[in-house]
Amino acid sequence: MQPLVLLDVDGVINDLGALCGVGRSHEIEVIRSNGYAVHIPAYMPGLIREITGNAEVWWCTTWRQRANGEIAAHLGIGTLPVVDDGTRVRNTGWKAAAASRLIAEALDQGRPVYWIEDFYGNPPREQVPSGVVFIDTAADTHDPVLRRSQLPAELLAA
């Protein structure tokens with residue numbers, strides 16, 4: 001069965017280290033989206049297309065529906081469904097409650113669930129159904145961005 005992936009933007013796709021001026025060994029492409037500069041590693045569009053080709057992917061980001069604009073276009077993906085709590089809250093505390101039903105449905109169907117986020121070592125394990133695999137882009141670094149090595153093989157092209 002196709003996995004479910006919840007995908008964040010900042011600290012996952014938007015390279016926060018590059019945004020803060022940290023030097024990179026990979027090329028960074030800066031795009032404008034909703035008035036903000038978004039720093040996307042040159043490898044990211046291909047990586048995200050691999051994930052969307054192997055899983056059902058939902059945005060789970062404070063960008064909410066706005067992620068489907070310039071960010072999705074730059075990544076070369078179509079419009080993705082969005083986890084949203086119906087508010088405009090800018091912190092991340094709303095995400096677990098808003099995603100719980102979607103997660104539970106996928107797990108009940110026997111589907112793997114991956115949540116890709118910069119959790120900084122604190123994924124919301126107690127707030128979502130058991131069985132979610134948290135991919136923490138900031139677990140071992142204060143320089144969060146998604147790297148291919150963090151992903152399981154089933155989300156990557158065969």
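In this predicted model, R64 sits over the face of W94, 4.1 Å from the centre of the ring. The report proceeds from the strands to the helices and then to the aromatic rings.

**The parallel sheet**

The order β4-β1-β5-β6 describes an open sheet of four strands, and the pairing in this sheet is parallel. The edges are formed by β4 and β6, each of which pairs on one side only. From one strand to the next, the twist averages 20 degrees. In general, the strands of a sheet pair through backbone hydrogen bonds, in either a parallel or an antiparallel arrangement.

Strand β1 covers residues 4–7. On one side, β1 pairs with strand β4 (residues 56–59) over four bridges, in the parallel sense, and V5 is placed opposite V57 in β4. Strand β1 is also joined to β5 by four bridges, and these two strands run parallel. Within that second pairing, L4 stands opposite V113 in β5, while the bridge partner of L7 in β5 is I116.

Which way do the side chains of L4, V5, L6 and L7 point from strand β1? L4 and L6 point one way, V5 and L7 point the other way, and all are buried.

**The hairpin**

A hairpin is formed by β2 and β3, with two residues between the strands. Strand β2 (residues 28–33) and strand β3 (residues 36–41) run antiparallel and are joined by six bridges. S33 has Y36 in β3 as its bridge partner, and I28 has P41 in β3. In the turn, N34 has a positive phi of about 55 degrees.

**Helices against the strands**

Helix α2 spans residues 44–54, and its buried residues are M44, P45, L47, I48, E50 and I51. An α-helix has 3.6 residues a turn, so residues three or four places apart point the same way. The buried residues of α2 pack against β1, β2, β3, β4, α3 (70–75) and β5. These partners thus include both strands of the hairpin, β2 and β3.

Helix α4 lies across β1, β4, β5 and β6, and runs at about 155 degrees to β5. One residue of α4, which comprises residues 95–108, is S100. Is S100 buried or exposed? The relative accessibility of S100 is 17%, so S100 counts as buried. Apart from neighbours within four places in sequence, S100 is in contact with Q127, V128 and P129.

**Aromatic pairs**

The structure holds four aromatic pairs. Two of them are set out below.

| Pair | Distance between ring centres | Angle between planes | Arrangement |
|---|---|---|---|
| W115 and F134 | 6.0 Å | 40 degrees | tilted |
| F119 and F134 | 5.4 Å | 90 degrees | edge-to-face |

Why does the pair of W115 and F134 count as tilted? Planes under 30 degrees apart count as stacked and planes over 60 degrees apart as edge-to-face, with the rest counted as tilted; the planes of W115 and F134 stand at 40 degrees, so this pair is tilted.

W115 belongs to strand β5 (residues 113–117) and F134 to strand β6 (residues 132–136), so their pair ties together parts that are 19 residues apart in sequence. W115 counts as buried because its relative accessibility is 1%. F134 also counts as buried, at 15% relative accessibility.

The pair of F119 and F134 involves a loop as well as a strand. F119 lies in the loop between β5 and β6, whereas F134 lies in strand β6, so this pair ties together parts that are 15 residues apart in sequence. Both F119 and F134 are buried.

What do the ring pairs make of W115, F119 and F134? The three residues are linked into a cluster by ring pairs.

Terms used. Residues numbered from 1 in each chain as written. Predicted model: local features only at pLDDT ≥ 70, side-chain atom pairs only at ≥ 80, totals over all residues. Heavy atoms only, no water. Phe/Tyr/Trp six-rings, centres within 6.5 Å; stacked < 30°, edge-to-face > 60°. Buried < 20%, exposed > 50% of the residue type's maximum accessible area, 1.4 Å probe, protein only. Lys NZ or Arg CZ within 6 Å of the ring centre and 35° of its normal. Pairing = 2+ DSSP bridges. Contact = heavy atoms within 4.5 Å. Axes fitted to C-alpha atoms, helices over the stretch in contact; angles between N-to-C directions.
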